[in-house]
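Here's a quick briefing to read with the structure open beside you. It goes through one strand residue, the charge pairs, two helix packings and a couple of single residues.

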Amino acid sequence: MEKFSKYFDHTLLKPEASENDIKRIVTEAMSKDVASVCINQYRTKLVAELLKGTDIKVCTVVGFPLGAVSKDIKAYETKRAVEDGADEIDMVINIGAMKDEKYEYVLEDIKAVREACKDKVLKVIIETCLLSDAEKIKACHLAKEAGADFVKTSTGFSTAGAKVEDVRLMKNAVGNDTKVKAAGGIRDIETARAMIDAGADRLGTSKLLI
């Protein structure tokens with residue numbers, strides 16, 4: 001079994017986060033040897049420099065938190081994040097297009113980011129609280145088809161975060177070839193372990209639970 005600390009992406013995505021706040025979470029991340037530090041794109045270069053020489057990954061969000069910009073903009077944002085040192089990209093799908101059943105657009109949206117991040121890890125945020133179960137399954141299938149490494153439950157900025165039943169649903173949808181990240185509202189060890197038991201391979205948390 002993977003080291004427990006490596007399930008965690010230590011996350012700070014609040015718009016008001018200062019440089020000192022970012023430095024604090026990087027220090028915390030290094031002290032606990034987590035999987036990654038997840039930050040807004042503007043902070044990518046700083047975090048990459050602070051994490052140099054460690055095996056902790058730099059995770060950056062794209063199209064965040066609404067997913068409602070064009071795929072070209074998401075691709076450029078991804079390219080810039082990788083240039084600045086991002087190892088992992090957490091992108092938000094176009095939820096409106098998903099609701100419109102414009103599945104080809106959703107697929108191309110994810111593919112554009114996949115191409116832009118090349119061999120970096122791609123996590124696709126489907127924002128489960130805004131989708132029906134059928135839409136969640138379809139979104140997972142599209143993400144897998146586009147070559148995503150992970151499907152992710154939530155941004156943490158919408159109406160609800162991760163739920164155990166959604167993690168289980170998503171894992172069943174993608175199988176063993178694609179991983180699942182649960183994020184949003186994971187505030188204690190019991191919830192974290194429940195998410196892992198349901199099939200989560202990674203957890204996004206703003207509070208270190210280890």
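Leaving aside its neighbours within four places in sequence, which residues is Val121 in contact with? They are Asp87, Glu88, Ile89, Asp149 and Phe150. Keep in mind that this is a predicted model. A search of the whole structure turns up 23 salt bridges, and a few of them get a closer look below.

**Around Val121**

- Val121 sits in strand S5, and at 24% relative accessibility it counts as partly exposed.
- That label follows because buried means under 20% relative accessible area and exposed means over 50%.
- Val121 and Ser36 are 85 residues apart along the chain, with 11 Å between their C-alpha atoms.
- Glu88, one of the contacts of Val121, turns up again in the first salt bridge described below.

**Salt bridges**

- As a bit of background, side chains of opposite charge can pair when their charged atoms come close.
- Arg202 and Glu88 meet through their side chains in a salt bridge, at 2.9 Å from N to O.
- This pair links distant parts of the chain: Arg202 belongs to strand S8 (residues 202–205) and Glu88 to strand S4 (residues 88–92), 114 residues apart.
- Both ends are tucked away: Arg202 is buried, with a relative accessible area of 10%, and Glu88 is buried too, at 4%.
- Lys123 and Asp90 form another salt bridge, and their closest N and O atoms are 2.9 Å apart.
- Lys123 is in strand S5 (residues 121–125) and Asp90 in strand S4, so this salt bridge ties together parts that are 33 residues apart in sequence.
- Lys123 counts as buried at 0% relative accessibility, and Asp90 counts as buried at 0% as well.
- Over in the helices, Asp166 pairs with Lys136 in a salt bridge, with 2.7 Å between the closest N and O atoms.
- Here the link runs from Asp166 in helix H7 (residues 164–174) to Lys136 in helix H6 (residues 133–146), 30 residues apart.
- Asp166 is buried, with a relative accessible area of 6%, and Lys136 is buried at 7%.
- Salt bridges with shared partners join Asp9, Glu88, Asp90, Lys123, Lys152, Lys181 and Arg202 into one network.

**H7 against H8**

- H7 packs with helix H8 (residues 189–198) at an angle of about 25°, and their axes are 8 Å apart.
- Angles under 35 degrees count as roughly parallel, and H7 and H8 are therefore roughly parallel to each other.
- The crossing of these two helices, H7 and H8, is right-handed.
- On the H7 side the contact is made by Val164, Val167, Arg168 and Lys171, and on the H8 side by Ala194, Met195 and Ala198.
- By class, that contact of H7 with H8 has 5 nonpolar residues, no polar ones and 2 charged ones.

**A closer look at Ala198**

- Ala198 lies in helix H8 and counts as buried, at 8% relative accessibility.
- Leaving aside neighbours within four places in sequence, Ala198 is in contact with Val164, Val167, Arg168 and Lys171.
- Those four residues are listed on the H7 side of the contact between H7 and H8.
- Ala198 and Leu122 are 76 residues apart in sequence, and their C-alpha atoms are 21 Å apart in space.

**H3 against H5**

- Helix H3 (residues 71–83) and helix H5 (residues 103–117) pack at an angle of about 20°, with 8 Å between their axes.
- That angle makes H3 roughly parallel to H5.
- H3 and H5 cross in a right-handed way.
- From H3, the residues Lys71, Lys74, Ala75, Thr78, Lys79 and Val82 meet Tyr105, Glu108, Asp109, Ala112, Val113, Ala116 and Cys117 of H5.
- The contact of H3 with H5 divides into 7 nonpolar, 1 polar and 5 charged residues.

**Glu135 in H6**

- Glu135 is found in helix H6 and is buried, with a relative accessible area of 16%.
- Apart from neighbours within four places in sequence, Glu135 is in contact with Met98, Lys99 and Leu130.

How values were computed:
Residues numbered from 1 in each chain as written. Predicted model: local features only at pLDDT ≥ 70, side-chain atom pairs only at ≥ 80, totals over all residues. Heavy atoms only, no water. Salt bridge = Lys/Arg side-chain N within 4 Å of Asp/Glu carboxyl O. Buried < 20%, exposed > 50% of the residue type's maximum accessible area, 1.4 Å probe, protein only. Axes fitted to C-alpha atoms, helices over the stretch in contact; angles between N-to-C directions. Parallel < 35°, antiparallel > 145°, perpendicular 65-115°, else oblique. Left-handed = near helix turned anticlockwise from the far one by under 90°. Contact = heavy atoms within 4.5 Å. Nonpolar A, V, L, I, M, F, W, Y, C, P; charged D, E, K, R; others polar.
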